[in-house]
Amino acid sequence: MRWWRDAVFYQVYVRSFSDSDGDGVGDLEGIRSRLGYLELLGVDALWLTPFYRSPMTDHGYDVADPRDVDPVFGDLAAFDALVEDAHRHGIRVTVDLVPNHSSSEHEWFRAALESPAGSPERARYHFKPGRGPDGAEPPNNWRSVFGGPAWTRVPDGEWYLHLFAAEQPDLNWTNPEVWADLEKTLRFWCDRGVDGFRIDVAHGMSKPDGLPDHTEPDAALLAHSDDDPRFDHEGVHDVHRMIRAVLDHYPGRMAVGEVWVSDADRFARYVRPDELHLGFNFRLLQTAFDAAEVREAIEHSMEAVAGVGAHPTWTLSNHDVSRPVSRYGGGAPGLARARAMALVVLALPGVVYLYNGEELGLPDAELPEWALQDPVWERSGRTERGRDACRVPVPWEGDGPGFGFTTGEPWLPMPDDWSALTVATQIEDTTSTLSFFRRALELRAEHAVSAGSGVEWYGAPPGCLAFRRSGSTLVCALNTSDAPVPLPPGDVVLTSGPLEDDGRLPPNTAAWLT
Ligand code: GLC
């Protein structure tokens, strides 16, 4: 029942996918109404970003009740209907879990604020006295990933820890109540029929004893290195063992971790046989469009998991990073490279995660400052624009402002020129990015059946790479150089863009051959 081994997952950023009630925010019913599209696209499973009760400071990653649906997204009945319908369409449904922190509106945190220092209510979070005279300095020098200090002081003088926004207090994972509650949440959604989970900040949760200072407190926002004391502590593996033990009671359920750890050996620890089934390897997403670097990232990612018998998990895009089209240079070359890289990841062994809109070739949207909503914008003192540009709603049809996403005003403005990128425009056009993704997913599914878990590399001209998944007849060739190159022998079954008239592979292009 390891259905996920070769699966293509599709990340639905619930706020931005499809709005059924005209309030400008996507919802569960909206997703349900698009299941036909997702089936046509050919994805195996969905990852839904958090739709739980939330004040939406971090658009749902600040969870006030992890076992209920926020009214803006629907209700539990809408969720049940979505799962049932998705299964009828042959699509599995996985949901996000946010164990590192809760919302400051969670009943536990409210109780903590109303209780004195040293109380059991405060022990579910990290409350500490400050340093310096009168404890007016935070307990250590940690910064929030979103900018500003990682500590906020409460009226009685104690400080609480929040690695993200102040409205996202970190839970204390040495407290058994915190464990019991996550277990309850896992069971709650498993019992409702979900097929798996994406674990948010899966390298978080556990904190180092004594909360030592960070030697590089001014590190970049939304990023961190492996020696950062805020993340990747031994204790987190016990949390993942607990998650795995619960899931093992529910046949066919899986968990994938958001693990921002670059060292291969440290990363592999998260996907040991008694921990998470899968871990996003973000190395490829951080790699430039350069064949040598791409190959190195692939080899690194495969090695990382092979040692513990796990499957690699590829992704080029999600709601936290610049969209591939923009990251690879924007415009026509950016789109060409994004399509080429899609052929690379879809030819690899393992799991692939696509992010909604990736199949349409959406770029980052240029947003006016008034529209920015990511907490990073305010917390950085308006120096970092944050992640809104990759979160703009999906254009389904027609013209703005709502492009069929909503009959109302979309929660982030959608660019006027996106009418050329809508699903309706692309679906009939055989040369569109959407048609390209549909064909690629179809071919991948056919070829994955017989394929193994290794990769065989072929010799390739400078700036190019070529490989075959072991056991598969499908060869993938990528050209990141400035000049056309001859293709390897074989019949071309799909290319990411037109070939040269003489049949050579142009720059910024990939091809599949058999
Ligand atoms: C993860 C999510 C991100 C969120 C953060 C805090 O990195 O992907 O969107 O802001 O966790 O929950």
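## Exercises on strands, helices and domains

Five of the five residues of strand β1 (residues 8-12) are buried, so β1 is largely enclosed by the rest of the structure. Here buried means under 20% relative accessible area, exposed over 50% and partly exposed in between, with a 1.4 Å probe and protein chains only. Helices (H or I, at least four residues) and strands (E, at least two) are DSSP runs, numbered from the N terminus.

Before you start: this is a predicted model, in which local features need pLDDT of at least 70, side-chain atom pairs count only at pLDDT 80 or more, and totals for chains, interfaces and linings use all residues. Residues are numbered from 1 along each chain as its sequence is written, and side-chain values use heavy atoms, with hydrogens and water left out.

### Exercise 1: the surroundings of β1

Task: find which residues cover the two faces of β1, and which residue of β13 is the bridge partner of Gln11.

Solution.
- Step 1. Take the faces in turn: Val8, Tyr10 and Val12 lie on one side, Phe9 and Gln11 on the other, and all are buried.
- Step 2. Look at the pairing, where two strands pair if DSSP finds at least two bridges between them. β1 runs parallel to β13 (residues 351-355) over four bridges, and also parallel to β2 (residues 45-48) over four bridges.
- Step 3. Follow Gln11 across: its bridge partner in β13 is Tyr355, while in β2 it stands opposite Trp47.

### Exercise 2: two open sheets

Task: work out the strand order of the open sheet of eight strands and of the open sheet of three strands.

Solution.
- Step 1. The sheet of eight reads β11-β10-β9-β5-β2-β1-β13-β12, with parallel pairing. Its edges are β11 (278-279) and β12 (313-315); each has a single partner strand, so one side of each is left without a neighbour in the sheet.
- Step 2. At the β12 edge, three bridges join β12 to β13 in parallel, and Thr315 stands opposite Tyr353 in β13.
- Step 3. The sheet of three reads β6-β8-β7, with antiparallel pairing. Here β6 (127-128) and β7 (151-153) are the edge strands, each with a single partner strand, so one side of each lacks a neighbour in the sheet.
- Step 4. β7 pairs with β8 (residues 159-161) in the antiparallel sense over three bridges, and the bridge partner of Thr152 in β8 is Tyr160.

### Exercise 3: a helix pair

Task: describe how α5 and α6 cross, and sort the residues of their contact by type.

Solution.
- Step 1. The axes of α5 (residues 176-191) and α6 (residues 236-247) come within 10 Å and cross at roughly 35 degrees. Axes are lines fitted to C-alpha atoms, for helices over the stretch in contact, and angles run from 0 to 180 degrees between N-to-C directions.
- Step 2. With contact taken as heavy atoms within 4.5 Å, Trp179, Leu182, Glu183, Leu186, Arg187 and Cys190 of α5 meet Asp238, Val239, Met242, Ile243, Val246 and Leu247 of α6.
- Step 3. These divide into nine nonpolar, no polar and three charged. Ala, Val, Leu, Ile, Met, Phe, Trp, Tyr, Cys and Pro count as nonpolar, Asp, Glu, Lys and Arg as charged, and the others, Gly among them, as polar.

### Exercise 4: Ala338

Task: is Ala338 buried or exposed, and which residues does Ala338 touch?

Solution.
- Step 1. Ala338 is found in α10 (residues 331-347).
- Step 2. At 12% relative accessibility, Ala338 counts as buried.
- Step 3. Not counting residues up to four places away in sequence, Ala338 touches Pro324, Val325 and Tyr328.
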